[in-house]
2 protein chains.
Amino acid sequence: MNFPKRKQKILAQLDKDGEVDVKQLADDLQISEITARRDLNQLAADGLLYRTHGGATKVNPFEKPHDFLNKGAQNATAKDEICRIAAGQINDGDVIFMDCGSTVFRLCQFIKNKKIKVITNSLPVIYELQNCSVSLNIIGGEFDKERQAVHGSMAIEHISKYRASKAFLGIDGISKNGLFAGSENEASITTSFAANSAYTYLLCDASKIGRESYLRFADLSLINAIITDAAIDKLLGIEEQGIIILNAKK
Amino acid sequence: MNFPKRKQKILAQLDKDGEVDVKQLADDLQISEITARRDLNQLAADGLLYRTHGGATKVNPFEKPHDFLNKGAQNATAKDEICRIAAGQINDGDVIFMDCGSTVFRLCQFIKNKKIKVITNSLPVIYELQNCSVSLNIIGGEFDKERQAVHGSMAIEHISKYRASKAFLGIDGISKNGLFAGSENEASITTSFAANSAYTYLLCDASKIGRESYLRFADLSLINAIITDAAIDKLLGIEEQGIIILNAKK
DNA sequence: CTTAATTTGTTCAAAAATAATCATTATTAA
DNA sequence: TTAATAATGATTATTTTTGAACAAATTAAG
């Protein structure tokens with residue numbers, strides 16, 4: 001049985017059971033465990049599943065952008081790894097921008113005890129950080145119920161008055177050709193954040209790498225670093241343009 | 001069972017019961033106590049729970065807003081009567097300011113179905129109105145954890161860019177000598193709201209009438225009307241200065 | 001305040017999973 | 001066919017995870 005065929009079977013079982021086991025896969029598909037592991041690593045690098053010790057769990061496609069508070073999300077492992085790396089980049093005294101992506105949201109849990117200032121347009125981030133040592137600055141403007149965040153010209157104006165040492169941003173897609181957003185509002189906010197921070201980190205899991213969707217709004221030069229769990233070969237063409245890659249692979 | 005799976009189960013139980021016990025966790029998850037402790041320590045380091053001797057308790061970001069709701073519940077009947085009158089003053093199409101007082105907060109429940117724009121600096125108000133027909137505008141600036149609201153110069157600047165048809169404001173005290181606030185921040189925000197709205201309502205229960213505390217920040221002329229449950233004789237000296245009294249006595 | 005019980009952190013060892021290396025087999029292209 | 005390439009499996013070393021034992025710290029009880 002070749003790889004495409006196995007891939008199909010693995011994803012089918014994952015969809016049915018929610019998880020797979022290396023041993024059981026090797027047995028089912030009549031392959032060695034090492035091959036099973038290689039298959040899973042390959043699929044994880046493509047963002048089609050999340051690797052765990054001894055197997056893999058499925059990446060939930062129904063993850064709504066505004067369903068942030070569902071902490072029990074089972075696919076949080078990869079995003080948490082990314083955020084753990086990101087949190088390591090933050091020092092006491094920093095002023096940081098955080099946007100309204102679901103990955104960036106998960107950064108909250110790792111920075112609750114830091115003595116920093118957070119400037120954000122994301123309501124879930126505000127809720128999450130309101131009772132901890134972080135000092136909060138809320139970006140004002142029209143509230144977008146869908147994204148649970150503030151967007152629009154007032155928000156852009158607000159951001160332009162501040163300077164952050166670091167920005168932590170999400171994105172819809174990134175390729176060697178640039179950065180992609182799902183809407184003009186997202187694009188302009190992201191651009192503003194990056195323009196007003198000394199150093200810009202992009203937090204994106206493997207599924208976003210190489211993806212070109214809707215609106216190409218900026219060159220790669222807008223950002224300084226990517227924190228991702230994607231395999232290094234997926235990043236060819238991006239790394240070559242001077243972007244620092246921080247790998248969050250376990 | 002691997003760590004991601006256990007993490008999920010631990011957080012699920014924590015969410016349900018509010019606490020977990022090391023012994024019971026070890027038994028439930030079929031792991032040793034030392035592993036259970038390690039799991040809890042890991043999750044605590046990530047800020048997902050609070051570690052206690054022998055177990056852990058959940059960290060709830062909505063704890064404070066709840067307190068706010070309860071605090072608002074004191075004297076709830078009188079406040080609700082006031083807010084019912086206030087809601088009667090609001091028509092579809094209105095743009096209204098709402099400040100961060102506990103009385104004003106209770107106005108939310110009466111305006112959820114109105115087609116209006118609400119501009120506010122109060123996080124509980126935002127939270128309460130985020131999923132209804134009201135269009136929300138969030139005032140940006142530094143977040144004051146104590147009052148769960150945005151204050152400061154950025155907030156003032158933000159407000160000055162908008163014009164509301166009506167403002168609904170709380171206050172620390174009012175007498176025939178003027179308006180009193182508990183802090184300079186509150187005073188400046190209240191002044192801004194009033195200055196940028198066509199008509200200003202003061203929502204205050206009987207305990208605020210005749211009270212002079214801390215900072216006298218404005219003349220009575222700043223406001224147009226008072227909605228209160230106080231007896232009319234308490235309002236002598238105020239009514240005579242041309243302020244409309246809307247009585248909310250049952 | 002002192003003592004006993006419980007909980008915790010540390011160190012070490014065993015087991016499982018993974019990564020790395022190399023040999024073998026299958027596949028493809030010339 | 002033959003050489004080159006890719007995929008797979010076996011072996012070994014490394015890492016991760018887990019549990020046990022024991023000393024230190026914390027809490028509870030007298």
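Q: How do the residues of the surface near DNA strand D divide by type?
A: They split into 5 nonpolar, 6 polar and 5 charged. Ala, Val, Leu, Ile, Met, Phe, Trp, Tyr, Cys and Pro count as nonpolar, Asp, Glu, Lys and Arg as charged, and the others, Gly among them, as polar. This is a predicted model: local features need pLDDT of at least 70, side-chain atom pairs 80 or more, and totals for chains, interfaces and linings use all residues. Residues are numbered from 1 along each chain as its sequence is written, chains are lettered from A and ligands numbered from 1 in the order written, and side-chain values use heavy atoms, without hydrogens or water.

Q: Which residues are closest to strand D?
A: Arg6(A), Thr35(A), Arg6(B), Thr35(B) and Arg38(B), out of 16 that surround DNA strand D (a heavy atom within 4 Å). Sugar and phosphate make up 67% of the DNA strand D atoms within 4 Å of the protein.

Q: What is 2.6 Å from a phosphate oxygen of strand D?
A: An N or O atom in the side chain of Arg6(B). A polar side-chain atom of Ser32(A) is 3.0 Å from a phosphate oxygen of DNA strand D. Polar contacts here pair N or O atoms within 3.5 Å.

Q: Which element gives the largest share of that surface?
A: α3(B), with 3 residues. Helices are DSSP runs (H or I, at least four residues).

Q: New topic. How do α1(B) and α3(B) pack?
A: At about 75 degrees, with axes 11 Å apart. The two helices are therefore roughly perpendicular (65 to 115 degrees, between N-to-C directions of lines fitted to C-alpha atoms over the stretch in contact).

Definitions and conventions: Axes fitted to C-alpha atoms, helices over the stretch in contact; angles between N-to-C directions. Parallel < 35°, antiparallel > 145°, perpendicular 65-115°, else oblique. Polar contact = N/O pair within 3.5 Å; in protein donor to acceptor, adjacent residues only side chain to side chain.
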